[in-house]
Every structure is written in structure tokens, then in C-alpha cells.
Amino acid sequence: SEVPGNAAELALVRVMLLHPALAGGIIESVARLESEEGAHPELAAATGVESGVLRDAVFRSIYEAIVKYGAEASVEVFAESLDETAIEVVQVIEAEPGAVVDAGRTVEGALRMLKERAMQERLGELDRMTPLAEGSEKDSLLKEKDALRRELAALGGRGWKSVRRTVD
């Protein structure tokens, strides 16, 4: 997939399929991230997804099938709403039951990566809007950028503009 951050999406779907007891919590967490993220018109035009943290079409369709049928459903049940590629992905994931060593940390890391991706995208939007703004609007945008950068740093995320300092 060409979708940035799709490894995090794969990780969430993999945990949901291999550890069905965790699916409900993952669904709640994804819903929370989606409500925080909101709809971004530029993102909708680029991806076809108005809002949603799962943007890869295959992983999104598997996620939606899990929401609809439950994580313990069989591949045959999922096949009712999945295309051939998604069914193959489900089969590959289910064929690797030991692929997730620490499900809790995997979910935590994947959700953090998806949140970081959304924050980086918002920073990009603000970078494009700031030169066009004037006065108090520009000040407001700069304050939002600063707050997002601090929040991103607190998550441990680093953008391309960050510099790693070496210690002598």
C-alpha cells in the first residue's frame, strides 16, 4: 500500500484477529482517534476517506468486517463483505498465530503512530495556511502549530524538521 502509516493499521487488524478479546478496546480507541482527528477536506480529496484513522482500503475493510461480525468470525463470514485481497490478508494473518508477541504494546504503539500521523498532517495543513494568514489569524495558527509540536514531542514523534543533537 502507498498509504503512510499502514504498518500501524496492519498491527491493529492483526491484534484484533489474533487476540479477539482485545478487539472491543481497539474499536473504542480507533473511534476516539477518529473523533479527535475530525474531517480534513484535503485528506478526503487525496484518500477518498473523509475521516478515519484507518486509510488503507484493505485494512479498513477488514476492520469494518470485524466491527460488523466480531473478531472471532470465520473467514467465510468475513468473505461476505471483503474482496479477494482482503480475504487473503485475513488468511495470512490467521496463519501466523505467534506474530504478535506483546499485544498490549503492539496496540499502544500502533495507536500512537496513527495519532502522530494525524498530528503531522495537521502541522502540514497549518504550514500551508500560515503564509496566507494575516494578523490575529496568523498568531492563532502559530500558537496551534506550537501546541501540536509540543504534543507530538510528548508522544515521542519527530518530524523531518527536527534535529537530533549529539552528546560529546
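How many nonpolar, polar and charged residues make up the lining of the second largest pocket? Keep that one in mind, and we'll get to the answer at the last stop. One thing before you start clicking: the model on your screen is predicted.

**Stop 1: the whole chain**

Show the protein chain as a cartoon. You should find eight helices and zero strands. Follow the chain along its sequence and the pattern reads α-α-α-α-α-α-α-α. Now switch on the surface. Of the 168 residues, 37% count as buried. How much of the contact count comes from residues 24 or more positions apart? Taking contacts in the chain with a separation of 6 or more, such residues account for 62%.

**Stop 2: two helices that cross**

Select residues 57–69, which form helix α4, and then residues 84–94, which form helix α6. Turn the view until you can see both axes: they are 9 Å apart, and the helices pack at an angle of about 70°. An angle from 65 to 115 degrees counts as roughly perpendicular, so that is the word for how α4 sits relative to α6.

Next, show the side chains where the two helices touch. From α4, pick V58, F59, S61 and I62; from α6, pick T85, A86, V89 and V90. Colour them by type and you'll get six nonpolar, two polar and no charged residues in this contact.

**Stop 3: a residue in a loop**

Stay close to the start of α6 in the sequence and select E80, in the loop between α5 (75–78) and α6. Is E80 buried or exposed? Its relative accessibility is 60%, and over 50% counts as exposed, so E80 is exposed. Try the distance tool here: the C-alpha atoms of E80 and A65 are separated by 8.8 Å, with their positions 15 residues apart along the chain.

**Stop 4: another loop, another outcome**

Now go to R55, in the loop between α3 (41–47) and α4. R55 has a relative accessibility of 7%, so it counts as buried, given that the cut-off for buried is under 20%. Add N6 to your selection. R55 and N6 are 49 residues apart in sequence, yet their C-alpha atoms are 7.7 Å apart in space.

**Stop 5: a charged residue in α7**

Select R117, which you'll find in helix α7. R117 is buried too, because its relative accessible area is 10%. Draw a line from its C-alpha to that of V53: the two residues are 64 apart in sequence and 8.9 Å apart in space.

**Stop 6: the second largest pocket**

Stay with α7 for the last stop. To find the pocket, select E36, E37, K115, A118 and M119, which lie nearest its centre among the 12 lining residues. Helices α2 (23–37), α7 (103–129) and α8 (135–155) are the elements that give two or more residues to this lining. Which of them gives the most? That's α7, with five residues. The space inside comes to about 180 Å³.

And now the opening question: colour the lining by residue type, and you'll have six nonpolar, one polar and five charged residues.

Note on methods: Residues are numbered from 1 along each chain as its sequence is written. This is a predicted model: local features need pLDDT of at least 70, side-chain atom pairs count only at pLDDT 80 or more; totals for chains, interfaces and linings use all residues. Side-chain values use heavy atoms; hydrogens and water are left out. On a 1 Å grid over the protein atoms alone, a cavity is a set of points where a 1.4 Å probe fits but cannot get out, and a pocket is an open set with protein on both sides within 12 Å along at least five of seven lines; lining residues have an atom within 4 Å of a point. Grid points are joined across faces, edges and corners, and a volume is the space filled by probe spheres set on the points. Helices (H or I, at least four residues) and strands (E, at least two) are DSSP runs, numbered from the N terminus. Ala, Val, Leu, Ile, Met, Phe, Trp, Tyr, Cys and Pro count as nonpolar, Asp, Glu, Lys and Arg as charged, and the others, Gly among them, as polar. Axes are lines fitted to C-alpha atoms, for helices over the stretch in contact, and angles run from 0 to 180 degrees between N-to-C directions. Angles under 35 degrees count as roughly parallel, over 145 as roughly antiparallel, 65 to 115 as roughly perpendicular and the rest as oblique. Contact means heavy atoms within 4.5 Å. Buried means under 20% relative accessible area, exposed over 50%, partly exposed in between (1.4 Å probe, protein chains only).
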